[in-house]
Amino acid sequence: MIQFAPNTRVYLACRPVDMRKGMDGLAAQVAHVLKADPFSGHLFLFRGKRGDYLKLVYWDGSGLCLFAKRLEKHRFVWPPIVDGRMQLTPAQMALLLEGIDWRRTVSVEQETRPTAI
């Protein structure tokens, strides 16, 4: 299990990318296609065309990291192919990495602290 800071956001690129790209090519995709900073410390997930391969890019403070996973018998559950990105919760990302249908999960709303009157 990969551990990240609690305020880390997870972004999923909705359009497939060329999985021959390395960390520099995917960082360029983050900057130009997703319009985000690849060195922000947030996680960026990319999918392959067949849907059975994914790559994750993130900046850990000292260097750019690349994580790749391929499912041998099944495919990851992906949202519809559209332009742009979508944000996932860390729990949804964990389910996605395990090959579980993360779309069926519902995250609880953040509890607001009562204010003193």
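No disulfides turn up anywhere in the structure, the count being zero. The model is a predicted one. Two cysteines are worth a look all the same. Cys14 comes out at 5% relative accessibility and so counts as buried, the cut-off for that class being under 20%. Cys65, at 19%, is buried as well.

As for the overall layout, the protein chain is built from two helices and five strands. Read from the N terminus, the order is β-α-β-β-β-β-α. The chain runs to 117 residues, and 38% of them are classed as buried. Its accessible surface adds up to about 8,000 Å², with carbon and sulfur atoms supplying 52% of that. On the contact side, take the pairs in the chain that are at least 6 residues apart in sequence: 57% of these contacts link residues at least 24 apart.

Turning to the rings, there are three aromatic pairs. One of them brings together Tyr11 and Phe44 in a stacked arrangement, with 5.7 Å between the centres and 20° between the planes. Tyr11 belongs to strand S1 (residues 10–13) and Phe44 to strand S2 (residues 43–47), so this pair ties together parts of the chain that are 33 residues apart in sequence. Tyr11 and Phe44 are both buried. Another of the pairs is Phe39 with Trp59, and here the geometry is edge-to-face: the centres are 5.2 Å apart and the planes make an angle of 90°. Phe39 sits in the loop between helix H1 (23–32) and S2, while Trp59 is part of strand S3 (residues 53–59), so the pair ties together parts 20 residues apart in sequence. Neither ring of this pair belongs to a buried residue: Phe39 is partly exposed at 46% relative accessibility, and Trp59 is also partly exposed, at 27%.

Tyr11 has a charged partner too. The charged end of Arg85 is placed over the Tyr11 ring, 4.3 Å from the ring centre. Tyr11 thus figures both in the stacked pair with Phe44 and under the charge of Arg85.

The loop between H1 and S2 also contains Lys35, and the backbone there does something a bit unusual. Most residues other than glycine have a negative phi. Lys35, which is not a glycine, has a positive phi, near 55°. At 66% relative accessibility, Lys35 is classed as exposed, since that label applies over 50%.

Then come the salt bridges, of which there are three. Arg20 pairs with Asp18, and their closest N and O atoms are 3.0 Å apart. In this bridge Arg20 is exposed, with a relative accessibility of 75%, whereas Asp18 is partly exposed at 34%. Glu72 and Arg70 make another bridge through their side chains, with an N to O distance of 2.9 Å. Glu72 is exposed at 64% relative accessible area, and Arg70 is partly exposed at 48%. The bridge between Arg50 and Asp52 has its closest N and O atoms 3.2 Å apart. The two partners sit in opposite classes here: Arg50 is exposed, with a relative accessible area of 55%, but Asp52 is buried, at 12%.

Finally, there is Gly51, which lies in the loop between S2 and S3. With a relative accessible area of just 2%, Gly51 falls under the 20% limit and is therefore buried. Leaving aside residues up to four places away in sequence, Gly51 touches Arg75, Phe76 and Trp78. Gly51 can also be set against Leu71: the two are 20 residues apart in sequence, and their C-alpha atoms are 9.0 Å apart in space.

Technical notes
Residues are numbered from 1 along each chain as its sequence is written. This is a predicted model: local features need pLDDT of at least 70, side-chain atom pairs count only at pLDDT 80 or more; totals for chains, interfaces and linings use all residues. Side-chain values use heavy atoms; hydrogens and water are left out. A disulfide is a pair of cysteine sulfur atoms within 2.5 Å. Buried means under 20% relative accessible area, exposed over 50%, partly exposed in between (1.4 Å probe, protein chains only). Helices (H or I, at least four residues) and strands (E, at least two) are DSSP runs, numbered from the N terminus. Contact means heavy atoms within 4.5 Å. Accessible areas come from the Shrake-Rupley method with a 1.4 Å probe; for residues, only the protein chains shown count as cover. Rings of Phe, Tyr and Trp (its six-membered ring) pair if their centres lie within 6.5 Å; planes under 30 degrees apart count as stacked, over 60 as edge-to-face and the rest as tilted. A charge sits over a ring if NZ of Lys or CZ of Arg is within 6 Å of the ring centre and within 35 degrees of the ring normal. A salt bridge is a side-chain nitrogen of Lys or Arg within 4 Å of a carboxyl oxygen of Asp or Glu.
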